[in-house]
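Work through the exercises below with the model open. Each one sets a task and then solves it step by step.

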Amino acid sequence: MQTQVLIIGGGATGTGLARDLALRGIKCILVEKQDLNAGASGANHGLLHSGARYVAGDSPSAAQCRLENELLKKLAPQCIENTGGLYIAVEGDDETYSAAFPDLCSAAGIPAIPLTPDEAREREPLLTERITAAYEVEDASIDPFRLSLSNMHHATCLGSVLLRHCEVTDFEIDNGFILAVRLRDTSNGQEILVEAEQFVNAAGAWAGVIAALAGASIPILYSKGTLLVTGHRLCHRVLNRLRPPSDGDIVMPGGTVSILGTTSIRIETLDDVSPTVNEVDLIVKEIRALLPCIEEIRFIRAFSGVRPLISQAGKSDDRSVSRGFSLLDHLSDGLKNFTTITGGKLTTYRLMAEKAADLVSSRLGNTNPCLTAHEKLPDPAVCHWTEPASSPKKWFGNGKQQTVMLCECEMVPASTVDLIADCLQENREKVNLKALSLRTRIGKGPCQGTFCGAQVTAYLYDLGLYHSNLGLDDLGKFLIERWKGIRPILLDMPLAQAELQEAVYCGFFCLELLDPEDLEV
Amino acid sequence: MEDKETIDAELAVIGAGIAGMAAAMFASNRGIPTVQIGRTGELAFASGLIDLMGVHPLAQKHVQEDPWAAIDLLTKVSPQHPYARLGKKKILEALNEAIAFLEQSGLPYQGSGEKNSLVPTPAGTLKPTYRVQSGMWNGVQSLKLGTPCTIVGFQGLKGFSPQQMKTVLERRWPGLRAARISFPAASSNSEIYPEQLALRFDLPEGRRLLADLLRPNIMNAGAVGLPAVLGIYRSKQAIEDLEEALGIPVFEIPTILPSVPGIRLKEAFCSGLQRNGVRLFHQFRVLEAAPARKAKFHLTVGRKNAELTIRASGVILASGRFLGGGLHAGRNGIHESIFDLPVHQPENRELWHRMNPMDPRGHPINRAGLEVDKNFRPLKNGGPAFENLYAAGSILAHQDWMRMKCGSGLSIATAFGAVEAFGTSRPR
């Protein structure tokens, strides 16, 4: 295969970059080891920062956030719920920090309107009574799945290609020029060779691994962050703790739920990143200061992501390592057509993509301007299914009652599964539970896959999409993936749900007795 | 509390799952005046199969053909397993009595003598079990003999794909074919529900229509398999009629969520218990329990709020685990919900579950529960918590019913043990 630019990594940055380049008339192939948003882009708060969080320690980041926040609200409103946000200090929090806050915000051009404690509680009734300071800011909620899906969809409409389940195994380099990249399709073991003029490493936490394959070295730190999802939405707005950035500072509205977090734990490898019981307890403890009712709240699941941080000499605390992004041209590594774009945050993905596209374009001799700061992000119907509650709205709206509900918790009918399956097949992608749950909300409701797992698997077998044990293997993998998220919150009702799930899948179906060796490839 | 109605009984059984039902049955069979309190809803999740012992050792995923040999092996390495308290003779006695009771209530069971049978599930997996509802028996036989069969599903019935069964079982059961029929159902969307279907097949017209729909799909089949929806109250007649109309054996494949065989089990137990004179307080919960004056327990029960008091000399606690509500898991540990009995459990929450949900060894939390003396009385501070409080079923510690595939056998056998112990202690 041949192209102009090969992009490695299908997160927000990679897909954003594919679209940016495509809009400049540059052809790309994006290769992704797993599926879209498999890394930090799929495991974050979904916070569109006002920038206020960074005014004290990282004001360049703060200003960047503010600008991108405004841009994205204009250009991708379909991915955003403009909730607004609050910064709340409670009794015992660092008073110097909260006193300095309004001036620091103002210096960075970030609106922060002071509120009285009563005004704050009027806006968010669940807030504690022990508020000492409160400010209103322009935080919002953004759907990273819809974002990446929409960016990639536009890029492919303009001629780019997405290769999922393709892992980079090697680079062919001659005299400082990368000629081609070798890929392995993890679904069938096939080897693919892609020739390109420019190569971009947008692999997020895996950027160091990719760079090493090309003979370059990037000083990356891995910082794990864990988030908790509640059973229902607690607050309308984003709630931030007004204190030096710490664990458990944020309550984020995410459609029909709230997402609480986060933690920051240095880890050594990217293998087996899972939320732990201790992290969950820590988050609950910290959030209790903002929302005293938190102990009574039912949690749906926890999830973890890894932030790639470019390590800087002298910074020992992961929170103080700059969350600004890094664009590396690798000339000092002796490579002439390799670029790495890494670090950063979801809010600034478009800017990161722009900077990377600028460098790549100039290396190609392409002088077309960046259009992503002006062109609205298209909004195709096929990218709509990630929005919580969108499924019931459409289903009832269509009046199309002639369909079977395959996921009852999140109300995803068979007709939606048909639509997504067709789409995946058109793009020559595998149809399985994982791909479906990425694009819909199957398995993300209270039952965590107990009912829908078996029902969707049966449906996919009926459609002839599985042969032999593959459907069972997928089901097992799906349950294992969901398990990571529910294991640390198994108390009360979630534990009862987990017991039912084990009774169904082990007690009855005996899925745990299947031998991986019995499976055909 | 004085103005609420008070009911006296000799024995109160708390729990309406399999252990609770079995306890009420054993007690009433022995003439002990019994009341039963509990929610029957969980039986709708029961497969209707009677497991005795299916897998041992867990780590090796060894599916055992001989459940009794497996029990021998297990009780040697796990002397605290509830089966070890009873011994095989009592376990067999308990099972035989329970199965006879169910047969009397119109729900016959069958099995391969004293060996386990393998039952095909809708997933295409095979489950080892001791006894199956008679309607499933031809399925067990057909699998064993490799009889070419047609599996037929219903349009709109979720979670049952004949194609899945055929595809997954292809190597093991090459003669399987898949088909689908459309049975006219009442609901406005195209979805149909197992209970709804089953009630149609309790009636002759429903069976006739089904036979007509099946006939064109079963050419050359040695047998035909359907999801377990062939009647709730008249499943025996339903299958007989179908076999007569089609001229080949008909069998049911167990399903879950909901499970009609589980509903049949509930109905059979309820009708039998009523026949035996057990006073049933189903959908009631025990809100408060006080062991009280004159050596009787005072149980405050009600559906939501307190409705009446039950005074009983003995109580069998068969309240289940987390789903049933017998145990409750909080941030500080696991508690027993009614009497606050000590619960044997892992040292801390991080140890409750393994990282892989499908780890063949099972999760340590599943072995948590009540430890009992040789008379099935829950222990506290080294001795029985109360002289006449007994425990039975999945609430007991040192067993993992979901992995060992010993759930119903354990429930029935320990209920037998608890009733026997109470019977011996009864004042004359």
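pLDDT is the predictor's confidence in each residue, on a scale from 0 to 100. The model is predicted: local features need pLDDT of at least 70, side-chain atom pairs count only at pLDDT 80 or more, and totals for chains, interfaces and linings use all residues. Residues are numbered from 1 along each chain as its sequence is written, while chains are lettered from A and ligands numbered from 1 in the order in which they are written.

**Exercise 1. Confidence**

Task: state the mean pLDDT of chain B and find which of its elements have the lowest and the highest mean.

Solution. Step one takes the whole chain: the mean pLDDT of chain B is 94, and 97% of its residues reach 70 or more. Step two goes element by element, where helices (H or I, at least four residues) and strands (E, at least two) are DSSP runs numbered from the N terminus. Strand S12 (residues 285-291) of chain B has the lowest mean, 90, and helix H1 (residues 18-29) of chain B has the highest, 98. Step three turns to the complex, for which the predictor gives an ipTM of 0.96 and a pTM of 0.85. As a reading rule, predicted coordinates should not be read in detail where pLDDT is low.

**Exercise 2. Overall form of each chain**

Task: compare the radius of gyration of each chain with the globule rule.

Solution. The radius of gyration is taken over C-alpha atoms, and the rule is 2.2 Å times the number of residues to the power 0.38. Start with chain A, which has 14 helices and 23 strands. Its radius of gyration is 23 Å, close to the 24 Å that the rule gives for 521 residues, so chain A is as compact as a globular protein of that length. The C-alpha trace of chain A spans about 60 × 60 × 45 Å along its principal axes.

Chain B has twelve helices and 19 strands. For its 428 residues a compact globule would have a radius of gyration near 22 Å, and the value for chain B, 22 Å, agrees. Its C-alpha trace spans about 70 × 50 × 40 Å along the principal axes.

**Exercise 3. Burial and the core**

Task: give the buried share of each chain, then name residues that touch the most other members of the largest nonpolar core.

Solution. A residue is buried if 20 or more other C-beta atoms lie within 10 Å of its own, exposed if 12 or fewer, and partly exposed in between, with C-beta atoms placed from the backbone. By this count 55% of the 521 residues of chain A are buried, and in chain B 54% of 428.

A nonpolar core is a set of buried Ala, Val, Leu, Ile, Met, Phe, Trp, Tyr and Cys residues joined through C-beta atoms within 7 Å. The largest one holds 294 residues, and those touching the most other members include A:Ile88, B:Ala23 and B:Ile316. To follow one of them, take contacts, meaning C-beta atoms, placed from the backbone, within 7 Å. Leaving out residues up to four places away in sequence, B:Ala23 touches B:Val13, B:Ile316, B:Ala318, B:Ala392, B:Ala415, B:Ala418 and B:Val419.

**Exercise 4. A loop residue**

Task: is B:Gly175 buried, exposed or partly exposed, and which residues does it contact?

Solution. First locate B:Gly175: it lies in the loop between helix H6 (162-169) and strand S8 (177-181) of chain B. Next count its neighbours: B:Gly175 counts as partly exposed because it has 17 C-beta neighbours inside 10 Å. Then list its contacts beyond four places in sequence, which are B:Gly146, B:Thr147, B:Pro148 and B:Cys149. B:Thr147 is 28 residues from B:Gly175 along the chain, yet their C-alpha atoms are 6.5 Å apart.

**Exercise 5. Where the chains meet**

Task: how many residues does each chain bring to the contact, and which element of chain A gives the largest share?

Solution. Chain A brings 44 residues and chain B brings 44. On the chain A side, strand S22 (405-407), helix H12 (450-462), helix H13 (470-486) and helix H14 (492-508) each supply at least two residues. The largest share, eleven residues, comes from H14(A).

For the last step, Ala, Val, Leu, Ile, Met, Phe, Trp, Tyr, Cys and Pro count as nonpolar, Asp, Glu, Lys and Arg as charged, and the others, Gly among them, as polar. The chain A side then divides into 27 nonpolar, eleven polar and six charged residues.

Technical notes: Contact = placed C-beta atoms within 7 Å.
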